[in-house]
Amino acid sequence: MIRRQRLAAGVGALLAALAAGLVFPAGAVADETTASAPKVDLVIDVSGSMRTRDIDGQSRMSAAKQAFNEVLDATPEEVQLGIRTLGATYPGDDRQTGCKDTAQLYKVGPLDRTEAKTAVATLNPTGWTPIGPALLKAAGDLDGGTGSKRIVLISDGEDTCAPLDPCEVAREIAAKGIGLTIDTLGLVPNVKMRRQLSCIAEATGGTYTSVEHSGELADKVNQLVDRAADPVVTPVATDGASSCAKAPTLNSGLYTDREEFGQRRWYRVDVKPGQELRASVSVAADRSMHPDYGVLLRAVTVHGREIVRGEAAGNGRTDVASTGLRYPKADSDDENAPAETVCLAVTNSFSAAPGVKATPGMPLELTVDVVDGPSQADDVASFGLGRGWWLLGLLVLIGFLAGVVWGWLSRWRVAVWRTN
């Protein structure tokens with residue numbers, strides 16, 4: 001009897017241990033999943049000017065509510081979403097009180113669509129426009145976790161609570177290095193508001209969009225929320241050199257650097273026979289620039305011969321110029337054939353507006369990908385034609401033969417005409 005009791009107790013202890021071993025790891029996995037979940041905080045301006053009826057015949061507030069309901073329906077399950085207001089509760093004239101008027105309408109976390117829609121339905125345009133304080137609070141809403149963090153600010157006017165400049169607040173948030181991006185949307189914007197919202201977005205690598213129709217608002221916010229759910233790739237900081245000989249050697253990956261006006265930055269990539277180099281570069285105009293500019297990406301041998309290039313020009317309508325190139329290295333019968341060192345040179349032709357500082361340089365993002373190349377890859381340095389030389393030769397031969405035949409037919413027709 002005693003042995004049976006001990007056996008039963010031992011089996012019970014073993015089952016309990018197994019249960020504990022199964023339960024706790026599952027909880028740990030759940031915690032890790034929650035910690036890495038992407039977070040989005042929608043910050044909505046509920047100041048008095050949102051009563052204006054100039055978006056498709058309805059008020060700006062009604063258009064925003066309609067857009068929010070569509071966004072809440074389309075938000076991916078893995079995104080933790082919250083809603084913060086500014087200017088929603090204080091209708092008075094006291095500036096000090098009005099500039100503290102920001103509140104968390106829906107806490108950042110797993111989305112309950114019904115609860116969030118009910119909260120949005122209660123919004124009523126009321127008071128001031130404390131964008132700076134709202135951004136500071138929103139950054140706190142997104143604190144913690146390792147997933148991507150994004151603030152989407154929707155406003156119809158510039159901040160009314162200076163000297164707490166929203167641009168300086170955005171720069172402070174970016175300087176913390178927490179990977180938080182601020183995107184801004186301006187409802188029926190004027191020049192001053194567009195300039196301020198653009199500055200906020202540029203400080204954190206976000207985007208600015210002007211909106212004048214309700215459908216545009218819902219589409220853009222949905223795009224930004226979906227973007228938060230995309231896998232985040234953190235670029236590796238690197239320092240390009242002033243010459244190829246001094247340049248750092250890069251492997252496949254995403255890199256970030258700074259490039260001053262008119263400067264050339266060099267990088268090195270090793271390409272083995274049978275591989276293809278694919279590279280692209282983007283240079284961001286993060287300050288006031290003259291409208292005409294360009295970016296040039298060149299692949300050059302260590303001896304200075306240009307292999308292939310990619311270039312792009314801009315006219316000031318976008319704040320990023322991007323270009324790319326491809327270079328397939330022909331395969332070799334020698335298994336021990338050495339890799340070729342390809343030098344990548346990035347040059348820009350941006351020019352700053354008067355009074356704009358040249359330092360630090362503009363943000364530069366370089367993507368390098370070395371993959372298995374196509375079979376029998378030729379040297380694309382042949383003036384960009386590659387195997388097109390064969391086609392060009394064939395066309396020349398066909399043209400020559402066609403000319404000979406046409407000339408013979410013409411002479412025959414003339415001879416027949418003269419005989420008749």
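# Briefing: two cores, three disulfides

The largest nonpolar core of this structure holds 33 residues. Leu42, Ile44, Ile154, Leu185, Leu217 and Val221 have the most contacts inside it. The model is a predicted one. Its protein chain has 420 residues, and 41% of them count as buried. Helices number 9 and strands 17.

**The largest core**

- Several elements each give two or more residues to the core of 33 residues. The strands among them are S1 (39-45), S4 (80-86), S6 (149-155) and S7 (180-187). The helices are H2 (60-74), H4 (113-121) and H8 (214-229).
- Which element gives the most to this core? H2 does, with 7 residues.
- Leu185 shows what a residue of this core touches. Leaving aside neighbours within four places in sequence, its contacts include Val152, Leu153, Ile154 and Ser155. Leu197, Thr209 and Val211 are also in contact with Leu185. So are Leu217, Lys220, Val221 and Leu224.
- In soluble globular proteins, nonpolar side chains tend to be buried together.

**A second core and the whole chain**

- A separate, second core has 28 residues. Val283, Val295, Leu364 and Leu366 are among them.
- Take the contacts between residues at least 6 apart in sequence: 75% of these join residues at least 24 apart.
- The accessible surface of the protein chain is about 23000 Å². Carbon and sulfur atoms account for 55% of that surface.

**Helix H4: a buried side and an exposed face**

- Ala116, Ala119 and Val120 are the buried residues of H4. They lie on the same side of H4, because they cover an arc of only 100° around the axis.
- An α-helix has 3.6 residues a turn, so residues three or four places apart point the same way.
- H2, S4 and strand S5 (102-109) are among the elements that cover the buried residues of H4.
- Thr114 and Ala121 are exposed, on the face of H4 turned away from its buried side.
- Asp112 caps the N-terminal end of H4. One of its side-chain oxygens lies 3.3 Å from the backbone nitrogen of Thr114.

**Helix H5: largely enclosed**

- Helix H5 covers residues 131-141. It is largely enclosed by the rest of the structure, because 8 of its 11 residues are buried.
- Which residues of H5 are buried? They are Ile131, Gly132, Pro133, Ala134, Leu135, Ala138, Ala139 and Asp141.

**Three disulfides**

- A disulfide is a covalent bond between the sulfur atoms of two cysteines. The count here is 3 disulfides.
- With the bonded cysteines numbered in sequence order, the pairing runs 1-2, 3-4, 5-6.
- Cys99 is joined to Cys161, with an S to S distance of 2.0 Å. The link of Cys99 and Cys161 is left-handed, at -95° about the S-S bond.
- Cys99 sits in the loop between helix H3 (95-98) and S5. Cys161 sits in the loop between S6 and helix H6 (166-175). The pair links distant parts of the chain, 62 residues apart. Cys99 and Cys161 are buried.
- Cys167 is bonded to Cys199, and their sulfur atoms are 2.3 Å apart. This pair links helix H6 to helix H7 (residues 191-203), across 32 residues.
- Cys167 and Cys199 fall under the 20% cut-off for buried residues. Cys167 has 7% relative accessibility. Cys199 has a relative accessible area of 18%.
- Cys244 and Cys343 form a disulfide with sulfur atoms 1.7 Å apart. The torsion about their S-S bond is about -45°, so this disulfide is left-handed.
- Cys244 lies in the loop between strand S9 (236-237) and strand S10 (253-259), and Cys343 lies in strand S16 (residues 340-348). The pair therefore ties together parts that are 99 residues apart in sequence. Both cysteines, Cys244 and Cys343, are buried.

**Arg265: a buried arginine**

- Arg265 lies in strand S11 (residues 264-271).
- Is Arg265 buried or exposed? Arg265 is buried, because its relative accessible area of 12% is under the 20% cut-off.
- The side chain of Arg265 reaches the backbone oxygen of Gly240 at 3.0 Å.
- Not counting residues up to four places away in sequence, Arg265 touches Asp239, Gly240 and Ala241, among others. Asp257, Arg258 and Glu259 also touch Arg265. So do Leu344, Ala345 and Val346.

Terms used. Residues numbered from 1 in each chain as written. Predicted model: local features only at pLDDT ≥ 70, side-chain atom pairs only at ≥ 80, totals over all residues. Heavy atoms only, no water. Core = buried A, V, L, I, M, F, W, Y, C linked by side-chain atoms within 4.5 Å. Buried < 20%, exposed > 50% of the residue type's maximum accessible area, 1.4 Å probe, protein only. Helix = DSSP H or I, 4+ residues; strand = E, 2+ residues; numbered from the N terminus. Contact = heavy atoms within 4.5 Å. Areas by Shrake-Rupley, 256 points an atom, 1.4 Å probe, with all protein chains shown as cover. Arc of directions from axis to C-beta. Polar contact = N/O pair within 3.5 Å; in protein donor to acceptor, adjacent residues only side chain to side chain. Disulfide = S-S within 2.5 Å.
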